[in-house]
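Student: Please take one packed pair of helices in this structure and examine it closely. I should also like to see how that part relates to the spaces and elements around it.

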Amino acid sequence: MKVLHAAAEIFPLVKTGGLADVVGALPEALRAQGADVRLVLPGLPAILQGVERQKVVCELGAMFGAGRVTLKLGRLAHNKVPAYVVDAPYLYRRPGNPYLTPQGHEWPDNLQRFALLGWVAAHLAAGELDSHWTPDVLHLHDWHAAMACAYAVSHPGPSAATVFTIHNLAYQGLFDQADFPLLGLPARLLVPGGLEFHGQLSFMKAGLKYAQRITTVSPTYAEEITTEQFGCGLDGVIRSRRAQISGILNGVDGAVWNPASDALIAAPYSANALDGKALCKAALQRELGLNLDAGAPLFGVVSRLTPQKGLDLVLAALPRLLEGYPEGGAQLAVQGNGDPALEVAFAAAAAAHPGRVSVRLVYDEKLAHRIMAGADALLVPSRFEPCGLTQLYALRYGTVPVVRHVGGLADTVVDASGAALHEDQATGFVFGPATSDALGDALSRAVNAYRDSAQWRQLMQRGMAQNFSWAAAASQYMALYRETLAARAAN
Ligand code: ADP
Ligand code: GLC
């Protein structure tokens with residue numbers, strides 16, 4: 001089975017969040033199950049640099065405002081997966097991240113930039129660009145690649161089966177309707193039952209309306225997005241596709257996130273040899289200027305600072321977290337950047353509590369590993385969370401997650417209370433309402449559990465024994481691809 005994945009980011013080359021981790025790991029896991037997988041990626045500077053042995057597949061000429069577009073094929077250095085690179089210097093050779101300028105504004109021509117990615121994916125799937133390789137399945141990630149579905153349905157010839165994965169419904173790729181003619185699509189697509197969304201043009205809707213199958217990254221989020229509360233205005237469209245939507249949990253890339261072999265942390269450790277974790281904690285406290293105190297529970301945060309992540313609740317619950325220090329109180333290490341108001345508020349919290357609260361307003365992959373290893377617990381109080389990867393990394397690192405009962409967090413962390421505790425199922429602390437009181441209660445329960453070192457060790461070891469693997473996810477995607485191909489053949 002030949003499968004082409006299209007996405008705007010990929011770890012370790014370009015990453016703004018968990019999408020990159022997924023795109024960096026899933027293709028290889030699918031290959032391990034026998035699929036012939038390739039990627040198509042925009043020619044951003046880091047991708048042009050990081051894809052080895054590129055050869056020109058075809059010259060596409062002038063398109064979407066770019067004077068010259070060239071399709072190249074090479075392979076990813078980290079896993080040797082073949083990758084097509086859409087080299088359009090005018091559209092992609094820019095600083096900043098894939099979506100935003102270095103000043104944090106959307107690139108004004110994002111419509112053209114991501115329409116081009118979808119166009120190339122669809123035409124590869126139609127067998128028009130590379131006569132040596134035509135995919136059976138086209139797998140598109142988030143709105144950035146979703147337009148491939150619109151190009152595929154408006155194309156008269158044969159095409160691959162299409163699977164669209166929603167990683168985050170909150171980012172939809174909305175543009176001015178007046179720019180629709182730039183897309184080169186038939187006018188019949190710009191209707192409420194198509195790409196139109198309340199007077200705007202929606203790239204996300206291309207995936208939701210026209211993909212044969214839709215997935216999202218956890219079973220609970222797949223249910224949640226059918227409701228008004230989580231549907232971001234698209235719940236009606238999603239309900240109308242209910243029969244074609246499923247949730248497949250993300251996995252953990254053990255080559256990147258494994259405390260026994262992680263070269264980025266102070267000392268390796270594993271579930272049966274936990275001494276290294278104490279060394280990691282001391283090293284982290286030293287590095288971050290926290291009081292060197294082995295007995296103070298150290299809570300970590302590694303996150304984008306956006307309203308999604310609910311970190312305002314952490315600020316509001318801070319007095320409770322620090323209560324009673326040094327006897328009972330905890331320490332907090334926050335790493336993240338984004339929303340300026342949250343950045344200011346966290347910086348102020350650090351200034352107010354030297355030695356007890358540390359805040360690093362940076363994006364730094366290596367520091368993320370050191371926090372994951374050195375913290376005792378990880379806070380993920382999200383308002384919504386399609387899957388969430390940091391709680392999975394935390395489990396793997398014996399760093400007990402404290403999460404809200406939402407989306408993929410609800411699917412992956414079992415609360416240490418009631419039956420779960422007695423049946424040896426608990427892996428963390430889960431709270432319900434998005435309030436600082438509910439978070440505060442979960443924090444108090446976590447601090448109490450931490451004081452009982454036998455109970456805490458059990459929680460750590462149980463978390464470390466969880467197996468959220470890409471192999472499991474890949475076999476579910478393979479089954480879905482087969483089903484989608486069979487359904488298409490039957491029609
Ligand atoms: P999302 O994709 O919504 O941001 P996920 O939990 O799925 O949430 O993935 C976040 C990814 O980004 C993880 O790999 C996490 O370690 C990483 N990350 C988030 N913020 C930072 C940061 N400031 N520095 C380094 N890595 C970060
Ligand atoms: C999105 C979601 C996150 C998910 C990630 C990878 O960024 O916010 O919950 O883990 O995609 O699928």
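Tutor: An angle between helix axes counts as roughly parallel under 35 degrees, as roughly antiparallel over 145 and as roughly perpendicular from 65 to 115, while the rest count as oblique. The model to which this is applied is a predicted one. Two packed helices are described by the angle between their axes and the distance between the axes.

The pair chosen here is α9 and helix α12, the latter formed by residues 365–374. Their axes lie 8 Å apart, and the packing angle is about 125 degrees. That angle falls outside the three named ranges, and α9 and α12 are therefore oblique to each other. The crossing in which α9 passes α12 is left-handed.

The same α9 also borders an open space. The second largest pocket, with a volume of about 370 Å³, is lined by 16 residues, and K277, A278, D376, Y450 and M460 are the closest to its centre. Two elements, α9 (275–288) and α17 (453–465), each give two or more residues to this lining. The greatest contribution is that of α9, which supplies six residues. K277 and A278 fall within the span of α9, and M460 within that of α17. By class, the pocket lining comprises eight nonpolar, six charged and two polar residues.

Y450, another of the residues closest to the pocket centre, has a number within the span of helix α16, residues 436–451. This helix takes part in a second packed pair, with helix α10 (residues 311–322): the two axes come within 9 Å and cross at roughly 45 degrees. By the angle ranges set out above, α10 and α16 are therefore oblique to each other. The handedness of their crossing is right-handed, whereas that of α9 with α12 is left-handed.

An enclosed space completes the setting. The structure contains one cavity of 30 Å³ or more, and the largest cavity holds about 90 Å³ of space. Its lining consists of 13 residues, with F11, D21, D253, W257 and Y393 nearest the centre. Helix α1 (residues 18–32) provides the largest share of that lining, namely three residues. Domain 1 (2–251 + 471–490) and domain 2 (275–467) each contribute at least three residues to it. The lining of this cavity divides into seven nonpolar, four charged and two polar residues.

F11, one of the residues nearest the cavity centre, precedes a cis peptide bond: the link from F11 to P12 has omega near 10 degrees. P12 is situated in the loop that joins β1 (2–6) to α1. A further backbone feature is found at R53, in strand β3 (residues 51–63). R53 is not a glycine, yet its phi is positive, near 50 degrees.

Methods: Residues numbered from 1 in each chain as written. Chains lettered and ligands numbered in written order. Predicted model: local features only at pLDDT ≥ 70, side-chain atom pairs only at ≥ 80, totals over all residues. Heavy atoms only, no water. 1 Å grid on protein atoms, 1.4 Å probe; cavity = no way out; pocket = protein on both sides within 12 Å on 5 of 7 lines; lining within 4 Å. Points joined across faces, edges and corners; volume = space filled by probe spheres on them. Helix = DSSP H or I, 4+ residues; strand = E, 2+ residues; numbered from the N terminus. Nonpolar A, V, L, I, M, F, W, Y, C, P; charged D, E, K, R; others polar. Domains from an automatic or database assignment. Axes fitted to C-alpha atoms, helices over the stretch in contact; angles between N-to-C directions. Left-handed = near helix turned anticlockwise from the far one by under 90°.
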